[in-house]
Amino acid sequence: MTESLRGSISDQDLAFLRQAIDLAAAARAHGAHPFGSLIVDQDAKLLVTARNNAIPPKGDPTQHAERLACSLVGRQFTPAQLASATLYTSTEPCAMCAGAIYWTGIGRVVYALSATSLYSMAGSGSPALDLPCRELFSRGNRPTAVQGPYIEDEAREVHKGFWTPQE
């Protein structure tokens, strides 16, 4: 079961999304793909941050920001704590990351740039699975609320010129 709430977003959600975008910029500055993620608890306390660490060509391609964040919280917090947690991410989670979110039991995802927008920017510069995270979550037996895309223009900036030289 998924929840799609694209219409409204709180100031707190916007602040966390912007922090995820800043993490994506830091990943890019470090030579990795520009993706960042963070997880907060139900009281908006920051639990973990992560940035993409898949540094081509020698890096591990599974080192996506969301998957890394899930790996960190999954070892530190209870299922009840994670069910009420929110993962904020600079870009809509890919199928691998959505799986990690689901298996970790995080109850809510908020993202900035849609996968569709990323794919249009990256072209053939990035492999893609055309599987929206909402669809993956809808196949599970526990609810995962999904909100996004939001502030796509801001999220798009960190990707400009990264995937193709013509951007």
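Strand E2 (36-40) is a good place to start in this predicted model. Five of the five residues of E2 are buried, so the strand is largely enclosed by the rest of the structure. Follow its side chains and you will find Gly 36, Leu 38 and Val 40 pointing one way, with Ser 37 and Ile 39 pointing the other. In a regular strand, side chains alternate between the two faces of the sheet. In E2, the residues pointing either way are all buried.

Now look at the strands beside it. E2 pairs with E3 in the antiparallel sense, over five bridges, and Ser 37 stands opposite Ala 50 in E3. E2 is also joined to strand E4 (residues 86-91) by four bridges, and these two strands run antiparallel as well. Here Ile 39 stands opposite Leu 87.

The link from E2 to E3 (46-51) deserves a pause. The two strands form a hairpin with five residues between them. In that turn sits Ala 44, which has a positive phi of about 65° although it is not a glycine. Most residues other than glycine have a negative phi. Ala 44 is partly exposed, with a relative accessible area of 23%.

Back in E2, Ile 39 leads us into the interior. Not counting residues up to four places away in sequence, Ile 39 touches Leu 46, Leu 47 and Val 48, and its other contacts include Ala 69, Cys 70, Val 73, Leu 87 and Ile 106. Ile 39 also belongs to the largest nonpolar core, which has 21 residues. Together with Val 73, Leu 87, Ile 101, Ile 106 and Phe 137, it is among those that touch the most other members. The elements giving two or more residues to this core are E3, helix H2 (65-74), helix H4 (95-104), strand E5 (108-113) and helix H6 (133-138). Apart from it lies another core, of 20 residues, including Val 110, Ala 112, Ala 122 and Ala 155. In soluble globular proteins, nonpolar side chains tend to be buried together.

One last stop is the loop between strand E6 (144-147) and helix H7 (152-157), where Pro 149 lies. A cis peptide bond joins Gly 148 to Pro 149, with omega about 5°. The same loop between E6 and H7 holds Ile 151, whose phi is near 40°, a positive value in a residue other than glycine. Most peptide bonds are trans, and most residues other than glycine have a negative phi, so it is worth turning the model to view this loop.

Note on methods. Residues are numbered from 1 along each chain as its sequence is written. This is a predicted model: local features need pLDDT of at least 70, side-chain atom pairs count only at pLDDT 80 or more; totals for chains, interfaces and linings use all residues. Side-chain values use heavy atoms; hydrogens and water are left out. Buried means under 20% relative accessible area, exposed over 50%, partly exposed in between (1.4 Å probe, protein chains only). A nonpolar core is a set of buried Ala, Val, Leu, Ile, Met, Phe, Trp, Tyr and Cys residues joined through side-chain atoms within 4.5 Å. Contact means heavy atoms within 4.5 Å. Two strands pair if DSSP finds at least two bridges between them.
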